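Me: I have a model to go through with you. Please take my questions one by one and keep the answers short.

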Amino acid sequence: MYKPSLNDYVQWTKGVEGWVYFVDNEYITIETRVIPKDEQNIQACSLHKNNRVLVLCYAYQWNELNYVGYRSDKYSEEILSTK
């Protein structure tokens with residue numbers, strides 16, 4: 001069975017696809033979208049410059065994930081095919 005790793009790109013049979021953003025023994029989050037904040041929101045909270053849409057996937061659902069590839073770091077959007 002596939003065990004998700006940080007920065008993997010996955011497709012979930014539920015129609016969700018994106019980057020594995022967080023990994024735990026019980027669940028992962030899949031980043032499906034990144035939305036840049038406007039200037040007012042950046043000034044209000046400059047800790048992060050983007051909002052992220054994350055989908056929760058529990059460990060018992062990992063068998064529904066298909067591994068597509070990975071990225072070299074969290075800033076890259078290029079899908080690499082082999083580790």
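Me: Is tyrosine 21 buried, partly exposed or exposed?
Reply: This is a predicted model, so the value is computed from predicted coordinates. Tyrosine 21 lies in strand S2. Its relative accessible area is 35%. Partly exposed runs between the 20% and 50% cut-offs, so tyrosine 21 is partly exposed.

Me: Which residues make a nonpolar surface patch with Tyr21?
Reply: The patch covers about 260 Å². Besides Tyr21, the residues that make it are Phe22 and Leu54.

Me: What pattern does the protein follow along the sequence?
Reply: The protein has one helix and five strands. Its C-alpha trace spans about 45 × 25 × 20 Å along the principal axes. Read along the sequence, the pattern is β-β-β-α-β-β.

Me: What share of the residues is buried?
Reply: Buried means under 20% relative accessible area. The protein has 83 residues. The buried share is 30%.

Me: What is the volume of the largest pocket?
Reply: A probe rolled over the atoms shows where empty space is left. For the largest pocket, the volume is about 330 Å³.

Me: Which residues are closest to the centre of the largest pocket?
Reply: The lining of the largest pocket has 14 residues. The closest to the centre are Tyr21, Glu31, Arg52, Lys74 and Tyr75.

Me: Which elements give two or more residues to the lining of the largest pocket?
Reply: Three strands meet that condition. They are strand S2 (16–23), strand S3 (27–36) and strand S4 (50–58).

Me: How many charged residues are in the lining of the largest pocket?
Reply: Split the lining by class. Five residues are nonpolar and three are polar. The charged residues number six.

Me: How far apart are the closest N and O atoms of arginine 52 and glutamate 31?
Reply: Side chains of opposite charge can pair when their charged atoms come close. Arginine 52 and glutamate 31 form a salt bridge. The pair links distant parts of the chain, with arginine 52 in strand S4 and glutamate 31 in strand S3, 21 residues apart. The closest N and O atoms are 2.7 Å apart.

Me: Is glutamate 31 buried or exposed?
Reply: The cut-off for buried is under 20% relative accessible area. Glutamate 31 has 4%. Its partner arginine 52 is partly exposed at 34%. Glutamate 31 is therefore buried.

Me: With which arginine does glutamate 31 form a salt bridge at 3.9 Å?
Reply: The distance is between the closest N and O atoms. Glutamate 31 is in strand S3 and its partner is in the segment after S5, 40 residues apart. That partner is buried, with a relative accessible area of 3%. The residue is arginine 71.

Me: Which residues are linked in a network of salt bridges?
Reply: By the 4 Å rule, the count comes to four salt bridges. The network consists of Glu31, Arg52, Arg71 and Glu77.

Me: How many residues apart in sequence are the parts that lysine 14 and glutamate 64 tie together?
Reply: Lysine 14 forms a salt bridge with glutamate 64, with the closest N and O atoms 3.5 Å apart. Lysine 14 lies in the loop between strand S1 (8–12) and S2, glutamate 64 in the loop between S4 and strand S5 (65–70). So the pair ties together parts whose separation in sequence is 50 residues.

Me: Is lysine 14 buried or exposed?
Reply: The cut-off for exposed is over 50%. Lysine 14 has a relative accessible area of 52%. Its partner glutamate 64 is partly exposed at 22%. Lysine 14 is exposed.

Me: How far apart in space are asparagine 51 and isoleucine 35?
Reply: Asparagine 51 lies in strand S4 and is partly exposed at 38%. The two residues are 16 residues apart in sequence. C-alpha to C-alpha, they are 5.1 Å apart.

Me: What is the phi of asparagine 7?
Reply: Most residues other than glycine have a negative phi. Asparagine 7 sits in the segment before S1 and is buried at 13% relative accessibility. Although it is not a glycine, asparagine 7 has a positive phi of about 75 degrees.

Me: How far apart in space are alanine 44 and glutamine 11?
Reply: Alanine 44 is in helix H1 (residues 39–44) and is exposed at 68%. Alanine 44 and glutamine 11 are 33 residues apart in sequence. Their C-alpha to C-alpha distance is 34 Å.

Key:
Residues are numbered from 1 along each chain as its sequence is written. This is a predicted model: local features need pLDDT of at least 70, side-chain atom pairs count only at pLDDT 80 or more; totals for chains, interfaces and linings use all residues. Side-chain values use heavy atoms; hydrogens and water are left out. On a 1 Å grid over the protein atoms alone, a cavity is a set of points where a 1.4 Å probe fits but cannot get out, and a pocket is an open set with protein on both sides within 12 Å along at least five of seven lines; lining residues have an atom within 4 Å of a point. Grid points are joined across faces, edges and corners, and a volume is the space filled by probe spheres set on the points. Helices (H or I, at least four residues) and strands (E, at least two) are DSSP runs, numbered from the N terminus. Ala, Val, Leu, Ile, Met, Phe, Trp, Tyr, Cys and Pro count as nonpolar, Asp, Glu, Lys and Arg as charged, and the others, Gly among them, as polar. Patches are made of residues with over 30% relative accessible area and no salt bridge: like charges are joined within 9 Å, nonpolar side chains (Val, Leu, Ile, Met, Phe, Trp, Tyr) within 5 Å. Accessible areas come from the Shrake-Rupley method with a 1.4 Å probe; for residues, only the protein chains shown count as cover. A salt bridge is a side-chain nitrogen of Lys or Arg within 4 Å of a carboxyl oxygen of Asp or Glu. Buried means under 20% relative accessible area, exposed over 50%, partly exposed in between (1.4 Å probe, protein chains only).
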